[in-house]
Amino acid sequence: MDFFATNRFNESVNKLIAKKKHYGCALSHIYKRFHNKTDTELFDDGYKLNGNHPIARQMKVRVLSCGGNAKSEGFRLIVFVHKDDKKYYLLDIYPKTGPFNKSNMKKDERKLCLEELLAEKKNNTLFTITFDNKKKTIVLKN
Amino acid sequence: MTTVLDIEKKILDCKTKGEVYLTEEEKTNLILDSINAITKNINNVNSCYLMLFPLLDELSSCEVNNDKEFNALKEIILELSKFTTRTSILFSNLSKSNIIKNGCKSALNDLRANIRTLREYLEDVEETFLLEDDEADIDTVLSELI
């Protein structure tokens with residue numbers, strides 16, 4: 001699948017990695033989460049927020065935390081996957097612990113994420129995500 | 001007839017057996033054994049949590065088609081809510097002791113994170129299946145994206 005990110009995701013992730021001590025590893029954990037995954041795995045892996053849609057799904061995906069051993073804390077990614085187009089969109093990211101921790105994302109905000117995606121798709125302002133296999137991280141390009 | 005000397009021997013044997021457990025090394029070993037046993041138990045609970053999460057991801061792709069399934073869903077929410085409450089009490093009780101809190105730090109941190117994550121899942125499941133909400137708006141955006 002091809003990976004893209006919205007401006008909201010770009011802003012959120014930059015805000016997080018600026019806090020190096022708590023969230024400095026976010027990009028490399030996102031890399032590990034999606035690297036070498038098959039399209040089927042990418043389409044199925046995560047909590048489906050709009051049910052079992054056969055083509056497109058908004059999902060919540062768990063990503064490991066920085067340094068901590070806990071397998072279930074860390075980050076949550078809100079994503080949108082289009083199976084037929086083979087496109088995977090990262091809409092937002094929030095941490096479960098640390099200074100920017102957030103317990104959950106409300107439905108209204110998730111809807112806003114989708115609206116922003118729609119607008120950015122139309123305006124062609126999405127970020128392209130590439131996987132840097134040497135540095136084991138993801139790179140966002142405008 | 002039992003003599004004082006006989007009793008003295010028995011008493012001293014008894015005392016010697018007890019004294020083994022009073023050496024510093026033995027005390028440390030006892031504490032470490034207990035910490036290991038408690039850590040193992042906490043990690044068993046953590047393993048259960050980690051098995052639950054993918055199942056709840058799977059549940060999110062299901063549809064509730066009849067009353068039987070609806071009741072099953074309510075039962076899942078009820079039982080998992082009880083499970084988080086019981087685990088929270090366990091976490092709270094274990095954290096009260098400094099020895100356990102420090103000795104089982106990593107396992108307890110995992111446990112706290114798992115409790116929070118399960119609560120988050122339960123919120124999501126309730127929102128997905130139980131809350132009456134106007135889906136029309138979000139469906140419009142989704143259909144435009146598809």
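**Figure 1. Pairing of A:R76 with A:Y94 between strands β4 and β5 of chain A.** In this predicted model, the residue of β5(A) that serves as the bridge partner of A:R76 is A:Y94. The two strands to which this pair belongs, β4(A) and β5(A), are joined in the antiparallel sense over eight bridges. Four residues lie between the strands of the hairpin that β4(A) and β5(A) form, and among the residues of this hairpin A:K86 adopts a positive phi near 55°.

**Figure 2. Strand β5 of chain A and its pairing with strand β1.** Strand β5 of chain A, which comprises residues 87-95, is mostly covered, since seven of its nine residues are buried. Strand β1 of chain A, formed by residues 2-5, is joined to β5(A) by four bridges, and these two strands run parallel. One of the residue pairs that can be followed here is that of A:A5, whose bridge partner in β5(A) is A:L90.

**Figure 3. Strands β3 and β4 of chain A side by side.** Residues 56-63 make up strand β3 of chain A and residues 75-82 make up strand β4, and the two strands, which run antiparallel, are connected by eight bridges. Within this pairing, A:R57 has A:V81 of β4(A) as its bridge partner. When looking along a strand in such a view, it helps to recall that the side chains of a regular strand alternate between the two faces of the sheet.

**Figure 4. The whole sheet of chain A and its two edges.** Seven strands form an open sheet with mixed pairing, and their order across the sheet of chain A is β2-β3-β4-β5-β1-β6-β7. The edges of the sheet in chain A are taken by β2 (47-48) and β7 (137-141), each of which has a single partner strand, so that one side of each is left without a neighbour in the sheet.

**Figure 5. The sheet in the setting of the complete chain A.** Chain A contains five helices and seven strands, and when it is followed from the N terminus its elements come in the succession β-α-α-α-α-β-β-β-β-α-β-β. The radius of gyration of chain A is 14 Å, close to the 14 Å that the globule rule gives for 142 residues, and chain A is therefore as compact as a globular protein of that length. The C-alpha trace of chain A spans about 40 × 35 × 30 Å along its principal axes, and 40% of the 142 residues in the chain are buried. Of the contacts in chain A between residues at least 6 apart in sequence, 58% join residues at least 24 apart.

Methods
Residues are numbered from 1 along each chain as its sequence is written. Chains are lettered from A and ligands numbered from 1 in the order in which they are written. This is a predicted model: local features need pLDDT of at least 70, side-chain atom pairs count only at pLDDT 80 or more; totals for chains, interfaces and linings use all residues. Two strands pair if DSSP finds at least two bridges between them. A residue is buried if 20 or more other C-beta atoms lie within 10 Å of its own, exposed if 12 or fewer, and partly exposed in between; C-beta atoms are placed from the backbone. The radius of gyration is taken over C-alpha atoms; the globule rule is 2.2 Å times the number of residues to the power 0.38. Two residues are in contact if their C-beta atoms, placed from the backbone, lie within 7 Å.
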